[in-house]
Amino acid sequence: MRMKKIMLGNEAYAQGAYEAGVNVVSSYPGTPSTEVTENVVKHDEVYAEWAPNEKVALEVAAGAAYGGARALSCMKHVGLNVAADPLFTASYTGVNGGLVVLVADDPGMHSSQNEQDSRFYARSAHLPMLEPADSGEAKEFMKRAFELSEQFDTPVLLRSNTRISHSRGVVEIGERTEVPVKPYEKNIQKYVMMPGMAKKRHVVVEQRMKDIAAYADTCDLNRVEYNDTEVGVVTSGTCYNYVKEALPNASVLKLGMVYPLPRNMIREFASKVKKLYVIEELEPFFENQIRVMGLPVEGKDLFTVQGEYSVRMLKEKLGGGVCNPVDVGTLPMRPPVLCPGCPHRAVYYLFNKLKLTAMGDIGCYTLGAGAPLSAIDTTLCMGASIGMAHGMEKARGGEFARKLVSVIGDSTFMHSGITGLVNMIYNGATSTVLILDNSTTGMTGHQDHPATGKNAKGEPAPAVDIRKLVETIGVKNIRVLDPFDLDALETALREETAKEELSVIITQRPCMLIDKNANKGTLVVTDACKNCGACLRLGCPAIVKGENGVRIDASLCVGCGLCADICPFHAIGGIEE
């Protein structure tokens, strides 16, 4: 009898890749996809790596697949934007060994800057896409994705989302199948996408999609569950679970292959139910295609395109009753904040003190936009801070640059910040760039990157010297300092922003969550406190304003000393071990 385990969806994806005989995995960490690669890394039979960004990750995986190996690349939905360039053309080339691209969407934007629907990538790139509904299917669909990739000579998209990736379910554990690496044969017509070859391959792609569409009508990835035919629901993924609980008597067409759609199966299902609904989160992807088929259907006229769905929502909208939600009206809001002892906090304190305009980026330091720091003016996408600062300077003039900075983390700089800095040098920028080096990819759970000195397995690896890199590409004004040296940091900011040429300030201090020496004990507020509120402007969760004035929560304080440094009355000190 096979062993069964309760597994996180992302653990199940990793188990499926392992059982499928995957050889090469190249990814970039991005919530909610990160744990897939972190779990694959545990298997010595698999080569797994963190790439500098998603584009590179997919190119590595594509190269491995062309070479005959089974390859996987994992990323979140906005990461697929970065990887879109190789994705669209890999559709034309096809594969040799199986190539699977796992993309995790984030309805509700739990950890993302938008709610884009990755199913449109499948349609635009002419690629099949699978979507599981639980951890058990996550494992099995990963294995099927590799099989389909090789059967139809195509990359396959495997769509997850926050609820599937970060929920647990029962998974049946199997053995690894060692799939021999296929021979590589030079084939210029197939793999070199110059216009002449690409035109021919486009014909192949269109025929392939017709073949996969025919397959979709008969494969077991899509299934019909007939119950009461008064109501029929077309759904997939997480929403399938909501439908089964909210509408237990409804007939359901569960789509496991979400592109291309099984049109004949949909037509037959629609003909057997009195009322047809489509229940899908985000965009009306299924609904619009079904309408084009000429079938009467209801969907987004009842349901929102925003956020996540729930059992309660379905019951209320479709007349199945009302679920009484747990009364959370008395619970306080808890917005995300920088951790106590975070080395980024001093930077943002000084941005406010010096009244700087700051172009922000994606990472822990994005939290500097929240009150009371409110130090970040913009956040767009990975690596965008540097380019946005350059654009703002060119729009408003060099004098504006004297109060203009861009801020980016070490991992994000490796991801997509380097080219922005090259552009600034090449095109005569004069503002100041801050690279906040905390020696990790912090917000996604402390993964290594090319500048940390360790690879995905935690083994020693060559480390990019950020200062030398910045110097090599042409920056002349470079300072490296500890952000907790507040006086030195303030002096650097004042002097570098005053210059009429590009400068880079690199702040170096490890994330306090990975620095074993970071916790120095607990600070206390003394009787010298005048309740002026200066320390509260740091936004440190360890500093609490109570009925009797300011106090420091001993369970949170790590003794970084920043509050003591800025207290005008020297009323904070006395570290308690």
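**Note on a predicted single-chain model**

1. Phe351 is buried, at a relative accessible area of 1%; buried means under 20%, exposed over 50% and partly exposed in between, with a 1.4 Å probe and protein chains only. The model is a predicted one, in which local features need pLDDT of at least 70 and side-chain atom pairs count only at pLDDT 80 or more, while totals for chains, interfaces and linings use all residues. Residues are numbered from 1 along each chain as its sequence is written, and side-chain values use heavy atoms, leaving out hydrogens and water.

2. What lies around Phe351? The structure holds 10 aromatic pairs, that is, rings of Phe, Tyr and Trp (its six-membered ring) with centres within 6.5 Å, whose planes count as stacked under 30 degrees apart, edge-to-face over 60 and tilted for the rest. In one of these, Tyr348 and Phe351 meet edge-to-face, 5.7 Å centre to centre with 65 degrees between the planes. Both belong to helix α15 (residues 345-353); because they are three residues apart there, about one helical turn separates them. Tyr348 also counts as buried, at 0% relative accessibility. Elsewhere, Phe120, Tyr259, Phe285 and Phe286 make up one aromatic cluster.

3. The secondary structure of the chain consists of 20 helices and 22 strands. These are DSSP runs numbered from the N terminus: H or I of at least four residues for helices, E of at least two for strands.

4. An open sheet of five strands, with parallel pairing, follows the order β14-β15-β16-β18-β17; two strands pair if DSSP finds at least two bridges between them. The edges are β14 (357-359) and β17 (477-481), and each has a single partner strand, so one side of each lacks a neighbour in the sheet. On average, neighbouring strands of this sheet are turned by 20 degrees against each other, direction ignored. Within it, β16 (residues 432-437) and β18 (residues 503-508) run parallel and are joined by six bridges. Ile435 faces Ile506 in β18 as its opposite residue.

5. Helix α16 (residues 384-396) packs on this sheet, touching β14, β15 (404-409) and β16, and its direction makes about 170 degrees with that of β15. Helix α19 (residues 486-498) lies across β15, β16, β17 and β18, at about 170 degrees to β17. Such angles run from 0 to 180 degrees between N-to-C directions, with axes fitted to C-alpha atoms, for helices over the stretch in contact; contact means heavy atoms within 4.5 Å.

6. Another open sheet holds seven strands in the order β3-β2-β4-β5-β7-β6-β12, and its pairing is mixed. At its edges stand β3 (47-50) and β12 (257-259), each pairing on one side only. Strand β6 (residues 129-130) runs parallel to β7 (residues 156-161), with two bridges between them. Leu130 has Leu158 in β7 as its bridge partner.

7. Helix α5 (residues 84-93) has Ala84, Pro86, Leu87, Ala90, Ser91 and Thr93 as its buried residues. Gly94, which follows α5, has a positive phi, near 75 degrees.

8. For the chain as a whole, the radius of gyration is 26 Å, which agrees with the value near 25 Å for a compact globule of 577 residues; the radius is taken over C-alpha atoms, and the globule rule is 2.2 Å times the number of residues to the power 0.38. The C-alpha trace spans about 75 × 60 × 55 Å along its principal axes. Of the 577 residues, 56% are buried. Among contacts with a separation of 6 or more, 75% join residues 24 or more positions apart.
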